[in-house]
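Hi,

Here is the structure I said I would pass on. Have a look at it first, and my notes follow underneath.

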Amino acid sequence: MSTAAPRGPAPARHVDGRPAFAGRLIVLERLGIDTYGLEDRHPEPGELRSLARALARHAQRVDDADDELRRAADLVIRRVTRSLNGDHRDVESWGLLRNLGNDIETRAARYHLAVEQLGMAVFLYRQAAERPDTTADHARREAALSRTGAAPAVYHPPARLPASGPPAPTTGAVRH
């Protein structure tokens, strides 16, 4: 018996005419943006573009794992349904459900890992996207300031008082 996933489309919802497996749906739900064209939202090279690529890649991994899991579940349903209807060709001494169950568990573990990694990618992308001054304009502004010598004022904390107490008042006279 082979536990290979069947060929053909796995059942999935459609959003905007495209199949929406779990990875795409997670990104849509958590960020409100679609994975299609995610890189195009950040045309400038940099952190956000790299994170957008990683996010799209992780979403695709979840989509692939979701598709595999759906196909494997469909295979199990068809084979068990055949047995339910009296066709016992698949019932062998080595156990139909044991092999199919192992296949489902392996695919479910891969799916779970991919979802965890996608969750981290969503978190990192959201943090970077919400951070102020992460645009290329900020980098250009910083570069322009450094070239002109008009560096922004730097905060210097006040000097710490000595541990022995406050400084003695000065009268303006110099002691020798």
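Below is what I found, starting with the overall layout and then going through the helix packing.

Bear in mind that this is a predicted model. The protein has 4 helices and 2 strands, and from the N terminus the order is β-β-α-α-α-α. Of its 176 residues, 27% are buried. If you take the contacts with a separation of 6 or more, 67% of them join residues 24 or more positions apart.

Most of my notes are about H1, H2 and H3, so let me take the pairs in turn.

**H1 and H3**

H1 covers residues 22-31 and H3 covers residues 96-130. Their axes are 11 Å apart, at an angle of about 30 degrees. That angle is under the 35 degree cut-off, so the two helices count as roughly parallel to each other. The crossing of H1 past H3 is right-handed. On the H1 side the contact uses Ala22, Gly23, Ile26, Val27, Arg30 and Leu31. H3 brings Tyr111, Val115, Leu118, Gly119, Val122, Tyr125 and Arg126 to it. Sorted by type, the residues of this contact come to 9 nonpolar, 2 polar and 2 charged.

**H1 and H2**

How far apart are the axes of H1 and H2, and at what angle do they pack? The axes are 6 Å apart and the angle is about 130 degrees, which makes H1 oblique to H2. Here Ala22, Gly23, Arg24, Val27 and Leu31 of H1 meet Leu55, Ala59, Val62, Asp63 and Asp66 of H2. This contact divides into 6 nonpolar, 1 polar and 3 charged residues.

If you put the two lists for H1 side by side, Ala22, Gly23, Val27 and Leu31 turn up in the contact with H3 and also in the one with H2. The buried residues of H1 are Ala22, Gly23, Arg24, Ile26 and Val27. Just past the end of H1, Gly32 has a positive phi of about 75 degrees.

**H3 by itself**

H3 is 35 residues long and spans 51 Å from first C-alpha to last, close to the 51 Å expected at 1.5 Å a residue. Which residues of H3 are buried? They are Leu96, Leu100, Asp103, Arg107, Ala114, Leu118, Ala121, Val122, Tyr125 and Ala128. An α-helix has 3.6 residues a turn, so residues three or four places apart point the same way. You may want to keep that in mind when you look along the list. The buried residues of H3 pack against H1 and against H2, which runs over 47-84.

**Two single residues**

Ala20 belongs to strand E2, residues 18-20. Is Ala20 buried or exposed? Its relative accessibility is 1%, so Ala20 counts as buried. Its C-alpha lies 8.0 Å from that of Asp63, although the two are 43 residues apart along the chain. Asp63 is also one of the H2 residues that H1 meets.

Arg61 is in H2 as well. With a relative accessibility of 41%, Arg61 counts as partly exposed. The C-alpha atoms of Arg61 and Gly23 are separated by 7.4 Å, with their positions 38 residues apart along the chain. Gly23 itself is among the buried residues of H1.

That is what I have so far.

Cheers

Terms used:
Residues numbered from 1 in each chain as written. Predicted model: local features only at pLDDT ≥ 70, side-chain atom pairs only at ≥ 80, totals over all residues. Heavy atoms only, no water. Axes fitted to C-alpha atoms, helices over the stretch in contact; angles between N-to-C directions. Parallel < 35°, antiparallel > 145°, perpendicular 65-115°, else oblique. Left-handed = near helix turned anticlockwise from the far one by under 90°. Contact = heavy atoms within 4.5 Å. Nonpolar A, V, L, I, M, F, W, Y, C, P; charged D, E, K, R; others polar. Expected span 1.5 Å × (residues − 1). Buried < 20%, exposed > 50% of the residue type's maximum accessible area, 1.4 Å probe, protein only.
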